[in-house]
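Trainee: I am new to this structure and would like a close look at a single part of it. Could you take one charged pair as the starting point and then connect it to what lies around it?

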Amino acid sequence: MLTLLLCARSSQTLRTSVRTVQTVRRNLCSAHMEKRVAVVLAGCGVYDGSEIHEASAVLVHLSRGGAQVNMFAPNVDQMHVINHLKGAPAEEKRNVLVESARLARGNIQDLSQLSVQDHDAVIFPGGFGAAKNLCTWAVQGKDCSVNEEVRAVLQAFHSSGKPIGLCCISPVLAAKVFPGCEVTVGIENDEKYPDTAGTAEAITQLGCKHVSKSVSESHVDQKNKLVTTSAFMCNAPIHQIFDGIGAMVADVLRLA
């Protein structure tokens, strides 16, 4: 009887030890698999900075994906300031990093401090700030210039074989920096995507390929590890924008 009791206790102890080892292994695996993602902002507000809903959607999906997120923005003046109530320029100056700190709840760093070695991927939300403050696409189109720090970040992640996510208008950054790449800014010749055709034409003129994708989809350029989605390039309900950004984030994390 005593022998049977000792055997039972020994077996129970062994099972507990096995479960403990399995738990530790799972935790170690989870810690090892946690992706470190940089998010680059361009201000705060659709007309002169990062699109707030897009930036928030990126952060929500990264959180659900278990990613560790660091936010960055260039320490430069905005191209201009837009009164979002009136939709007209305001006579004032604002700093991109300072404005982006609103979205980041103050937890943000100067873009010059972004290290590709410390991150597995980078994502650029959209909004006019991407086309005004990260580059000059809003006024010069395909002949635009890209902020040197932004260009350096894009090139560093690309040369390291790490994925780059871009949504809304920000895929033009990739088109300008990586000739021959593939991106999407929506569906051409569809009234729900009023600005897609013109943007797609300019992207094509830069020697890149535009791939028509719906707002709920993302496109993956496997060769360049670029993941793009149209977001608010489409006049769609916000939940569809959210879902499309979710597809982009999922692909970025899968490639990271």
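Mentor: R36 and D120 form a salt bridge in which the closest N and O atoms are 3.2 Å apart, a salt bridge being a side-chain nitrogen of Lys or Arg within 4 Å of a carboxyl oxygen of Asp or Glu. This is a predicted model, in which local features need pLDDT of at least 70 and side-chain atom pairs count only at pLDDT 80 or more, while totals for chains, interfaces and linings use all residues. Residues are numbered from 1 along each chain as its sequence is written, and side-chain values use heavy atoms, with hydrogens and water left out.

The pair links distant parts of the chain, since R36 belongs to strand 1 (residues 36-40) and D120 to the loop between strand 5 (109-110) and strand 6 (121-124), 84 residues apart. Helices (H or I, at least four residues) and strands (E, at least two) are DSSP runs, numbered from the N terminus. D120 counts as buried because its relative accessibility is 17%, whereas R36, at 28%, counts as partly exposed; buried means under 20% relative accessible area, exposed over 50%, and partly exposed in between, with a 1.4 Å probe and protein chains only. Leaving aside neighbours within four places in sequence, D120 is in contact with E34, K35, R36, F157, K162, P163 and A256, where contact means heavy atoms within 4.5 Å.

Side chains of opposite charge can pair when their charged atoms come close. By the rule given above, the count of salt bridges comes to 6. Among them is the one between E92 and R94, whose closest N and O atoms are 2.9 Å apart, and R94 also meets the side chain of E99 in a salt bridge of 3.3 Å, N to O. Salt bridges that share partners join E92, R94, E99 and R102 into one network. Within this network, E99 is buried, at 7% relative accessibility, while E92 is partly exposed at 40% and R94 is partly exposed at 30%.

Turning from charged side chains to rings, the structure holds 1 aromatic pair, and Y47 and F128 form it, in a tilted arrangement with 6.3 Å centre to centre and 40 degrees between the planes. Y47 lies in the loop between strand 1 and helix 2 (52-64) and F128 in helix 4 (residues 128-132), so the pair ties together parts that are 81 residues apart in sequence. For such a pair, the rings of Phe, Tyr and Trp (its six-membered ring) must have centres within 6.5 Å, and planes under 30 degrees apart count as stacked, over 60 as edge-to-face and the rest as tilted. Y47 is partly exposed, with a relative accessible area of 38%, and F128 is partly exposed as well, with 39%.

A last place to look is K209, which lies in strand 9 (residues 209-210) and is partly exposed, with a relative accessible area of 47%. Not counting residues up to four places away in sequence, K209 touches C181, E182 and V183. The C-alpha atoms of K209 and G180 are separated by 6.6 Å, although these two residues are 29 residues apart along the chain.
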